[in-house]
Each structure stands twice: as structure tokens, then as C-alpha cells.
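Good morning, everyone, and thank you for making the time. I would like to walk you through one model today, beginning with a loop and then widening the view.

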Amino acid sequence: MATQIQAIRGMNDILPSQSPLWQYVEHHIHEVLSAYGYSELRTPLVESTDLFKRSIGEVTDIVEKEMYTFADRNDESITLRPEGTAGAVRAALQQGLLHNQVQRLWYMGPMFRYERPQKGRYRQFHQLGLECFGMAGPDIDAEVIILTARLWRRLGIDKAVSLQLNSLGTPESRKAHREALIAYLEKHQDKLDADSQKRLYSNPLRVLDSKNPETQAILTDAPMLLDYLDDESKQHFEQLKALLSAAGIEFEVNPKLVRGLDYYSKTVFEWVTDELGAQGTVCGGGRYDGLVEQLGGKPTPAVGFGMGIERLILLLETLKVVPETVYNHVDVYLVAAGENITAYAFQVAETIRNNVPGIRLQMNCGGGSFKSQMKKADKSGAHIAIIIGENELQEGTVAIKPLRGEGAQQVMSLPEATAWVAEQSFAE
Ligand code: ATP
Ligand code: MG
């Protein structure tokens, strides 16, 4: 036999047994987004490499070591998107979505990063992204956070996630902090991890983001950006905190929170959980007022977040908060055993589908004895079997058999059976 080809390391198949959970999560995400009036933006999975270099920043984990970058057949350098903000800004600018208007946009789909695969960290993973343009105040920062909190409640995980908040101020306020931070880090230079030593002068703020415990210990007494904030950023931050408190959203100010991309300003936040080990950040985002201009547009305030869908799903599974019914995908199984029965079986199946909107009816295909079809009916998870044999064919009737719990088999005309199915709770 020929050797089998395997999937690319760190890139997962989402199997039929798992996709109901994905659809369940996506369904709730869609409903929450629609409740706030957000619109979907779909952008290509690949963009010019320069777009990511210019937006994310050269001295970041993503650009330095995580991008899937290729030369295409025309020798242009293209990159599989490692995140969605850059592409969203590129599209918004290119398509004129930012002329004198505000936008509340979202997207969901795969992102690609060449990382070491482990639980909650993959090379192809999925994000929900939100990007809001044209609103400078803390109200929209609060809205995107309040929106995520609603999603946590709907999914039943609100007790397991907590909100961390910080402000990075403006680029000007970061300059003063940067000098103080470099001066502090120089004193501990030899004890910093390799990446942090390398970034000490090129991007010292990134050092705060280090996951190395020794580096983190050194940072305890490092100068904090919060102490260097300009008045406007300070006021923005205070107002945001007040809005969140008034909305009943708890948070913790974490002065070391900086996020892994260069484009943030003012508000940054993360929703974190203790349930997923090292991969505890489920959602991260903030304000990026400089990015649109940096990519060639007019100065445009913006705020957004990225949410890791795999981590969200792992959390739902860990907390066991997924309703069992999510995995059912068949309400009615149609058993058809006998000679020349198939055309009548289709007639029954289509009549019920026509008259019972939303019904999930699976018809037996591939033949088989009555007994083996009943086994399939049971395995399908259906609540009832509709059974037709030669008698039913001749009389134009069907037999209905409840598969879970009580209830005897009944024979009915097709219109009666259709009405009976429509009355069942699963047909709502
Ligand atoms: P981390 O610190 O865990 O590497 P990050 O800061 O690189 O995360 P972002 O770029 O902010 O992550 O992406 C937003 C979210 O996307 C993360 O909070 C996480 O939930 C998810 N995410 C990021 N990278 C991965 C990955 N390789 N596999 C799965 N999910 C990921
Ligand atoms: Mg990362």
C-alpha cells in the first residue's frame, strides 16, 4: 500500500464529532455580534508580507519567528495571515470604508503561526476578530468588553474567565517610559532571557511580555507605563474603568500587560483563565489609534480584539458546560425496508421536510434489513423512527416509533404523521 500523507504538524482536522460544538460556539458568537449591530468583513487568507511587517512590528514574536512566508510564482513575498487586524485595516482603507464613517466589523477564520504545537497552541488556529473604527472615546472600548462578557455568560463560562486591563498611553508617553525601562533593565541585563536581551534596545516594552519566569521576576520593580501616562490617556483609562464598573464588569489592572503586537495605544485588555495551563489567554485586544495612519490612511481611532476559538472550545469542554443536545444532529430517522420502497420513502421524507421547518430528518440509504436499519436509527441519536414497509406503501401510511422513553408504535396517514411530527418539541 502507498504511504499515507499526514496533515501539516500543528494543523488540525475538525471532525464531524467536533463540528457540532464549533457550530454551537459560532451560533452564539453570531447572535451576540448581531445584538450589537456589527457587520462581517471577509478578507483573503494571504496578504503581502510587508503589510504584517509594517503593522505588527519587526521586533515581535510573530514577525521575527512565527510567519508562514513564501515567494509566489511571481516572486512576490506573501504571508498566511497570522492575525486579522492588519488585513482588516488594509481592506477598510483600500475599499474606502473609513471615509467619514464609523465601522464596527468582525471576522472569523483561520490564522497561521509557526509556533511549537501544544495544547491550546497550534499552527493553524481560528480567531474571532472585532475591529471598530472612527470612535476615539472609552465608550467603544467598554462596548467591545461588555460584548465579550455577554458571550461568556451565554456560553456559561463567565465564572472561569477574568478581565485584565492596562493602558499603554500614547507614543509620546511611552518615550519617557522607554528610557526609564531601558535604564532599569540594563542593571539586570545578564539575567534576562535571550529574546529580552536582544530586545532591550530595539523594543524594550516587549520584555514586559516575556513568558520567562526569571525575566518576570526582574520585572516586578520595573518602571510601569501607568506611572508615565499623559493626562488624556489617564482620563480615558479612568472613564473606561468607571463604565465597566457601572456595567457590573469586574477587572484587575495589570500594569505589566502589554500584548504581543506593536500597534496598541491606550487601552489593552486580556480575558484570562486558570483552566488551560500556560495557554490561558482566551481573548486579547485593545486600542490601536496609530495603525490606520501607519498603513497610509488618515489618522483614525480604532479598537478591537482577537479571540482564540480553540481555547474557548477547550474551556467549554474542560468546564463541561456544553449541553448534550448540541451533539444531536438528527431528530427523525426514516427506516424503509421492503421491495420498491425507495420512491415512497423519498415522498415521505420530502413531505415532512416541506411541512416541518427546521426538522432534521435522516433517511436510511444503502438498504439493509429492518433490524439493521433500526440499529442505525438508534445510533443516529434521533428521537423517533418513521418506519415504512410494504404494508405502509400499499396503504399510504407510515408507522411512528418513539426511540427514547415511553410511547407505543402508531400507524398514521402521511398528513397525520406530518402534523404529529410538527407538534414534537424538537421541531420548534
Ligand atoms: P499568546 O501570548 O498565548 O502567544 P498572543 O498574544 O500571541 O497569545 P494574540 O496575537 O493576541 O495572541 O491572539 C489573540 C488570541 O488568539 C489569543 O489570546 C489566543 O486565544 C489565540 N491564539 C494566539 N495564538 C494562538 C495559537 N498559536 N493557537 C491557538 N490560539 C492562539
Ligand atoms: Mg503568541
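**A walk through the model**

Let me start in the loop between helix H12 (309–319) and strand S12 (332–336), which is where Lys 320 sits. Please keep in mind throughout that what we are looking at is a predicted model. Lys 320 is not a glycine, and yet its phi is positive, at about 55°. As a general matter, most residues other than glycine have a negative phi. Is Lys 320 buried or exposed? Its relative accessible area is 72%, and since anything over 50% counts as exposed, Lys 320 is exposed.

There is another residue to set beside that one, namely Asp 75, which lies in the loop between strand S3 (68–71) and strand S4 (77–80). Asp 75, again a residue other than glycine, has a positive phi, near 65°. Its relative accessibility is 67%, so Asp 75 counts as exposed.

Let me now step back to the whole chain. The protein has 16 helices and 16 strands, and its C-alpha trace spans about 90 × 60 × 45 Å along the principal axes. How does the radius of gyration stand against that of a compact globule of 428 residues? Such a globule would come out near 22 Å, but the protein has 28 Å. Of the 428 residues, 51% are buried, and if we take the contacts between residues at least 6 apart in sequence, 70% of them join residues at least 24 apart. The accessible surface comes to about 21,300 Å², with 49% of it belonging to carbon and sulfur atoms. As for charge, there are 44 positive and 56 negative side chains, and the centres of these two sets lie 3 Å apart.

That brings me to the interior. The largest nonpolar core has 93 residues, and the members that touch the most others are Tyr 38, Trp 152 and Trp 271. Which element gives this core its largest share? It is helix H5 (residues 138–155), which contributes nine residues. There is also a second, separate core of 24 residues, and among its members are Val 332, Ile 352, Met 412 and Leu 414.

Trp 271 deserves a closer look, and I will leave aside residues up to four places away in sequence. Its contacts include Ile 145, Thr 148, Ala 149 and Trp 152, and then Val 161, Ser 162 and Leu 163, as well as Ile 249. Trp 271 also touches Gly 280, Thr 281, Val 282 and Cys 283.

From there we can follow the contact to Ser 162, which is found in strand S7 (residues 162–167). Seen from its own side, and with the same sequence neighbours set aside, Ser 162 touches Glu 270, Trp 271 and Val 272. Ser 162 has 36% relative accessibility and so counts as partly exposed. Its C-alpha atom is separated by 13 Å from that of Leu 312, a residue 150 places away along the chain.

For a buried position, consider Ile 56 in helix H2 (residues 49–56). Its relative accessible area is 0%, and because buried means under 20%, Ile 56 is buried. Beyond residues up to four places away in sequence, Ile 56 touches Ile 62, Val 63, Pro 82 and Glu 83, together with Leu 261, Asp 262 and Tyr 263. Ile 56 and Leu 291 are 235 residues apart in sequence, while their C-alpha atoms are 9.2 Å apart in space.

Finally, two helical positions. Gln 197 belongs to helix H7 (residues 194–202) and is partly exposed, with a relative accessible area of 34%. Leaving out residues up to four places away, Gln 197 touches Gln 189, Asp 190 and Leu 192, and its C-alpha atom is 9.1 Å from that of Glu 186, which is 11 residues away along the chain. Glu 31, in helix H1 (residues 19–35), is partly exposed as well, at 35%. Glu 31 and Phe 269 are 238 residues apart in sequence, with their C-alpha atoms 23 Å apart in space.

I will stop there and take your questions.

Technical notes:
Residues are numbered from 1 along each chain as its sequence is written. Chains are lettered from A and ligands numbered from 1 in the order in which they are written. This is a predicted model: local features need pLDDT of at least 70, side-chain atom pairs count only at pLDDT 80 or more; totals for chains, interfaces and linings use all residues. Side-chain values use heavy atoms; hydrogens and water are left out. Helices (H or I, at least four residues) and strands (E, at least two) are DSSP runs, numbered from the N terminus. The radius of gyration is taken over C-alpha atoms; the globule rule is 2.2 Å times the number of residues to the power 0.38. Buried means under 20% relative accessible area, exposed over 50%, partly exposed in between (1.4 Å probe, protein chains only). Contact means heavy atoms within 4.5 Å. Accessible areas come from the Shrake-Rupley method with a 1.4 Å probe; for residues, only the protein chains shown count as cover. Lys and Arg count as positive and Asp and Glu as negative; His and the chain ends are not counted. The place of a charge is taken as NZ of Lys, CZ of Arg, CG of Asp or CD of Glu. A nonpolar core is a set of buried Ala, Val, Leu, Ile, Met, Phe, Trp, Tyr and Cys residues joined through side-chain atoms within 4.5 Å.
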